[in-house]
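Thanks for sharing this one. Here are my notes, in numbered points, to read with the structure open beside you.

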Amino acid sequence: MRATCWHGKKDMRVDRVPDPKILNRRDAIVRVTSTAICGSDLHLYNGFVPTLKRGDILGHEFMGEVVEVGPDVNNLAIGDRVVVPFPIACGNCGPCNAGAFSLCENSNPNAWMAEKLMGHSPSGMFGYTHMMGGFAGGQAEYVRVPFADVGPLKVPEGMPDDQVLFLSDILPTGYMGAEMCGIEGGETIAVWGCGPVGLFAIASAKLLGAERIVAIDRFPARFAKALQAGATDTINYEDENVYDTLMAMTGGIGPDACIDAVGTESHTPGPLYAVDRVKQALMIESDRPFALRQAIRCCRNGGTISVVGVYGGLIDMFPMGSFMNRSLTMRAGQCHVHCYMRPLLERIQRGEIDPSFVISHHMTLDEAARGYGMFNDKEDSCTKIVLTP
Ligand code: NAD
Ligand code: ZN
Ligand code: ZN
């Protein structure tokens, strides 16, 4: 089959590789009909996450048709159309039973690698390094889905791929980012990053009842989508002082909650950018946390910082004094996608949200390498690329 493989920093290639096979009784094989490139894939593309190997197949946002099932998969049949969550989860362990599927204790065979770096391991994930299990990803013609009796969600007839594909990751992730803010109605929520995850965090904050939603980024095309998603205000961090503008908007109080939908590759105008880039290059610091630092400083006393942007390792100059003295709360996580898929599918069916608004480009799988470059560089107002094998 054809699959999108990592060959090194900024070197993606669509290669011919062996077809996947059923290895365990709870596996299924899915023929991919749509797959997408995620902001998390860019961290791999740019070489910021360790334990990738040359030839690894990437991709963790995909959907398609079930073409083979293992003997213990009783809920799926050949021909079913499914969308698959990016964390791999057994459905039976403590975290799975508690709904914390991205913390499954049985799905990462290489947990020891993640333990070395982080103390404990999250779940296995599709196409996301050997430290996260070394599973082949879904930017391919076919993919093996472990624990297929737990993850895949059957798609009702009549719903096009573009409307349901993002249930695999970014729609639940944006939703979880908003949910972690504890929105009850009437709040001001500030969202750093208007990529697909930030856009869905904005849309979700609106669904949950936030009154004022401030979108922070620097790309006009992304601001246009942020306003479409429900943002009430935008701040271009290159032109305006984000702290001053947010204080002016909130009578000096600050937003009730701040969502970091940027993560480890955040950018900032000014000298700090060079400092963190150099530290990152010298491997003194693995992540560049500008958006996170700013979110902490801006948040109102007693407010919440919700981190869905991905970080890999260590950050410098964490504003602990601001965080501690002002009684802030921080919540974070790889999304527990399984919990959110069905309720969000129902919201799509009821017409409360149409996730396809984030898509800017459709391409064939063969164009994946060009797609990575384009999404990374935000060329041609790119906000999200869907690939069709
Ligand atoms: P993206 O790269 O398209 O979007 C990131 C956006 O942040 C860009 O528009 C960029 O201009 C903006 N940005 C950069 N620096 C900024 C700053 N200082 N202030 C404000 N905005 C800034 O990526 P995406 O697909 O939207 O993903 C966003 C993040 O979410 C990534 O870190 C990704 O890895 C992560 N993610 C997490 C999960 C999860 O389960 N927690 C799932 C999917 C993606
Ligand atoms: Zn993702
Ligand atoms: Zn589990």
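1. A word on terms before the first residue: strands here are DSSP runs of at least two residues, numbered from the N terminus. With that in hand, Val150 sits in the loop that links β9 (142-145) to β10 (153-154). Please keep in mind throughout that this is a predicted model.

2. Is Val150 buried, exposed or partly exposed? Its relative accessibility is 25%, so Val150 counts as partly exposed, given that the partly exposed class lies between the 20% and 50% cut-offs. Beyond its neighbours within four places in sequence, Val150 is in contact with Arg26, Ala89, Cys90, Gly91, Phe101 and His338. For a sense of scale, the C-alpha atoms of Val150 and Ala295 are separated by 36 Å, and these two residues are 145 residues apart along the chain.

3. One of those contacts of Val150, Cys90, leads straight to the metal site. The zinc ion (ligand 3) is coordinated through the SG atoms of Cys90, Cys93, Cys96 and Cys104, at 2.3 to 2.4 Å. Along the sequence, these donor residues follow the spacing C-x2-C-x2-C-x7-C. Both Cys90 and Cys93 are buried.

4. Which geometry does the site of the zinc ion (ligand 3) have? The site is tetrahedral, and the angles among its 4 donor atoms run from 103 to 118 degrees. As a computational chemist, you may like to see the criterion: four donors count as tetrahedral if all angles lie between 85 and 135 degrees.

5. Now to Ser34, a residue of strand β3 (residues 28-36). Ser34 counts as buried because its relative accessibility is 5%, and the cut-off for buried is under 20%. The side chain of Ser34 makes a polar contact of 2.7 Å with the side chain of Asp161. Asp161 also appears among the residues that Ser34 touches, not counting those up to four places away in sequence; the others are Glu61, Phe62, Met63, Leu165, Val386, Leu387 and Pro389.

6. Finally, the sheet. Its 6 strands form an open arrangement in the order β13-β12-β11-β14-β15-β16, with parallel pairing. β13 (233-236) and β16 (329-332) each have a single partner strand, so each has one side without a neighbour in the sheet. From one strand to the next, the twist averages 20 degrees.

7. Within that sheet, have a look at the pair β11 (residues 188-192) and β14 (residues 257-260): these strands run parallel and are joined by 4 bridges. Val191 stands opposite Ile259 of β14.

Notes
Residues are numbered from 1 along each chain as its sequence is written. Chains are lettered from A and ligands numbered from 1 in the order in which they are written. This is a predicted model: local features need pLDDT of at least 70, side-chain atom pairs count only at pLDDT 80 or more; totals for chains, interfaces and linings use all residues. Side-chain values use heavy atoms; hydrogens and water are left out. Buried means under 20% relative accessible area, exposed over 50%, partly exposed in between (1.4 Å probe, protein chains only). Contact means heavy atoms within 4.5 Å. A polar contact is a pair of N or O atoms within 3.5 Å; within protein, one must be able to donate a hydrogen and the other to accept it, and residues adjacent in sequence count only if both atoms are side-chain atoms. Two strands pair if DSSP finds at least two bridges between them. Axes are lines fitted to C-alpha atoms, for helices over the stretch in contact, and angles run from 0 to 180 degrees between N-to-C directions. Donors are N, O and S atoms within 2.8 Å of the metal (3.2 Å for Na, K and Ca); water is not among the atoms, so sites may look incomplete. Four donors count as tetrahedral if all angles lie between 85 and 135 degrees; four count as square planar and six as octahedral if opposite donors are over 155 degrees apart and all others between 65 and 115; anything else is irregular.
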